[in-house]
Amino acid sequence: MTAPPPIAADQHDPVFSRRSALKLLSTQIALAVAGCGKPAEEIVPYVRMPERLVPGIPLEFASCLPLGGYGRGVICTSVEGRPIKISGNPRHPASLGSTDVFAEAAVFSLYDPDRSQAVRKGGEISSWQMVQSALVGRFAAWASSGGEGVRLLTGPLTSPTALLQIDQLKQRYPKLIWHLHDPLRDVSAERGAQTAFGRAVTLLPRWAELDVLLTLDADPLGPGPAQIRNARGFSDRRRVRRDTTTMLRYYALEAAPTLSGANADHKLVLSVDVIGDVAIALARALGADLPDPRLPPDVAHRIAAIARDLQQRHGHALVLAGASLPPDIHALAHWINAQLEAPLTTMDPVIP
């Protein structure tokens with residue numbers, strides 16, 4: 001017996017053949033490509049062409065992004081009025097040409113689908129005219145009472161325009177109370193500086209002059225307004241150069257893992273209480289009249305070696321205390337840095 005002749009694909013299944021499958025696949029691909037493209041829109045020429053805007057040509061401009069009240073200089077790339085990229089401004093001392101996750105994510109906030117698109121009252125869409133109408137009567141009452149009972153809540157502000165507007169508002173309503181709130185505010189550091197210097201100050205390390213760094217449960221490379229500046233300074237001092245004879249040596253004492261501790265030459269995991277005792281032991285090694293904290297023998301041996309290293313690099317050594325430590329330990333860290341003549345620059349804090 002001979003085998004029957006092969007049946008063509010189209011004859012075998014006239015409803016869904018191989019040719020039909022290929023046609024269907026090409027149709028789906030075309031629909032997918034069309035769905036990924038820009039929506040159809042009518043192109044109309046400008047009646048008045050905006051200054052410096054050329055269709056299809058990106059425009060770069062300098063700006064500043066606030067974080068914790070501090071500004072970080074950035075360069076924004078915009079296409080036809082739509083910002084698409086954030087880069088660091090190499091001429092700004094807080095960014096030095098780099099960005100962090102907060103700066104990179106800032107552009108997404110402009111296109112957040114959950115961002116409010118209109119004024120709302122009780123969940124219903126309203127208008128700015130309704131807001132003004134609702135406030136007219138209250139303005140008259142505030143004027144007669146001097147703004148008694150009016151509260152203004154903001155985060156840390158450094159904008160001269162915003163500060164001027166708030167000052168004018170307080171002059172108009174003398175009894176108005178202005179509240180400043182920062183959820184990431186380091187109260188321990190502020191109170192420690194108040195104890196050490198008599199006023200709250202912010203300290204900025206001069207990384208180019210540092211040879212030895214000790215952090216007491218601090219994370220200078222972690223998230224914060226100074227993260228970009230600290231990361232650039234730290235990486236520059238960790239890079240071997242021909243014009244430098246030494247590289248930054250870093251000791252980290254921490255109670256929980258941090259980004260800074262992951263980059264340390266020597267890391268010691270201790271509880272917060274023991275880290276406070278370490279600060280006392282360091283101060284005693286530098287001549288402070290304090291009681292012996294009675295550290296464990298192995299920890300005491302390591303701390304003695306760190307203290308000798310700090311003293312040998314007098315003028316080029318720095319001790320940083322973290323937010324988990326109490327104010328008196330922060331004040332003690334300031335005393336230690338004063339004895340070491342640590343390279344630090346002081347500036348007024350954002351929140352007075």
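User: How many residues lie between β1 and β2 in the hairpin, and what is special about the phi of the glycine in the turn?

Analyst: This is a predicted model, and in it 2 residues separate β1 from β2 in the hairpin. Glycine 68 sits in the turn with a positive phi of about 65°.

User: How do you know that β1 and β2 pair, and in which sense?

Analyst: Pairing takes at least two bridges between the strands. Strand β1 (residues 59–67) and strand β2 (residues 70–79) have 9 bridges, in the antiparallel sense, so they count as paired. One of the contacts to look up is proline 66, whose bridge partner in β2 is glycine 71.

User: What makes β11 and β12 the edge strands of the open sheet?

Analyst: Start with the order, which is β11-β10-β9-β12, 4 strands with parallel pairing. β11 (266–269) and β12 (317–321) each pair on one side only, and that puts them at the edges. On average, neighbouring strands here are turned by 10° against each other, direction ignored.

User: How do you know that strand β9 and β12 pair, and over how many bridges?

Analyst: The cut-off is at least two bridges. Strand β9 (residues 212–216) shares 5 with β12, in the parallel sense, so the pair passes. Within it, leucine 213 stands opposite leucine 318 of β12.

User: Which strands does helix α8 touch, and what angle does its direction make with that of β9?

Analyst: Helix α8 (residues 272–285) packs on the sheet and touches β9 and β10 (249–254). Its direction makes about 140° with that of β9.

User: Why is α8 called oblique to α9?

Analyst: The two helices, α8 and α9 (residues 297–312), pack at about 50°, with their axes 10 Å apart. Under 35 degrees would be roughly parallel, and 65 to 115 roughly perpendicular. The angle falls in neither range, so α8 is oblique to α9. On the α8 side the contact uses Val278, Ala281, Leu282 and Ala285, and on the α9 side Val299, Ile303, Ala307, Leu310 and Gln311. As for handedness, α8 passes α9 in a right-handed crossing.

User: Why is the pair of tryptophan 142 and tyrosine 173 called edge-to-face?

Analyst: The structure holds 4 aromatic pairs, so let's take this one by the numbers. The ring centres of tryptophan 142 and tyrosine 173 are 5.9 Å apart, and the limit for a pair is 6.5 Å. Their planes stand at 85°, over the 60 degrees that edge-to-face needs, so the label fits.

User: What parts does that pair tie together?

Analyst: Tryptophan 142 belongs to helix α4 (residues 128–145), while tyrosine 173 is in the loop between α5 (160–172) and β7 (177–180), so the pair ties together parts 31 residues apart in sequence. Ring pairs also bring in Phe139, which forms a cluster with Trp142 and Tyr173.

User: Why is tyrosine 173 called buried, and tryptophan 142 partly exposed?

Analyst: The line between the two classes is 20% relative accessible area. Tyrosine 173 has 3%, so it's buried. Tryptophan 142 has 21%, so it lands in the partly exposed class, which runs up to 50%.

User: What makes the rings of phenylalanine 234 and tyrosine 250 an edge-to-face pair?

Analyst: Their centres are 5.8 Å apart and their planes at 80°, so they qualify as edge-to-face. Phenylalanine 234 is in helix α7 (residues 227–238) and tyrosine 250 in strand β10, 16 residues apart, and the pair links these distant parts of the chain. Both residues, phenylalanine 234 and tyrosine 250, are buried.

User: Is glutamate 254 buried or exposed, and what is its relative accessible area?

Analyst: Buried: glutamate 254 has a relative accessible area of 3%, against a cut-off of under 20%. Glutamate 254 lies in strand β10. Leaving aside neighbours within four places in sequence, its contacts are Asp217, Gly261, Lys267, Leu268, Val269, Leu270 and Ile275.

User: Why is aspartate 328 called exposed?

Analyst: The bar is over 50%, and aspartate 328 comes in at 52%, so it counts as exposed. Aspartate 328 is part of helix α10 (residues 327–340).

User: What makes leucine 210 buried?

Analyst: Its relative accessible area is 0%, so leucine 210 is buried. Leucine 210 lies in the loop between β8 (202–205) and β9. Not counting residues up to four places away in sequence, leucine 210 touches Arg237, Leu248, His316, Ala317, Leu318 and Pro343.

Note on methods
Residues are numbered from 1 along each chain as its sequence is written. This is a predicted model: local features need pLDDT of at least 70, side-chain atom pairs count only at pLDDT 80 or more; totals for chains, interfaces and linings use all residues. Side-chain values use heavy atoms; hydrogens and water are left out. Axes are lines fitted to C-alpha atoms, for helices over the stretch in contact, and angles run from 0 to 180 degrees between N-to-C directions. Contact means heavy atoms within 4.5 Å. Rings of Phe, Tyr and Trp (its six-membered ring) pair if their centres lie within 6.5 Å; planes under 30 degrees apart count as stacked, over 60 as edge-to-face and the rest as tilted. Buried means under 20% relative accessible area, exposed over 50%, partly exposed in between (1.4 Å probe, protein chains only). Angles under 35 degrees count as roughly parallel, over 145 as roughly antiparallel, 65 to 115 as roughly perpendicular and the rest as oblique. A crossing is left-handed if the near helix is turned anticlockwise from the far one by less than a right angle, and right-handed if clockwise.
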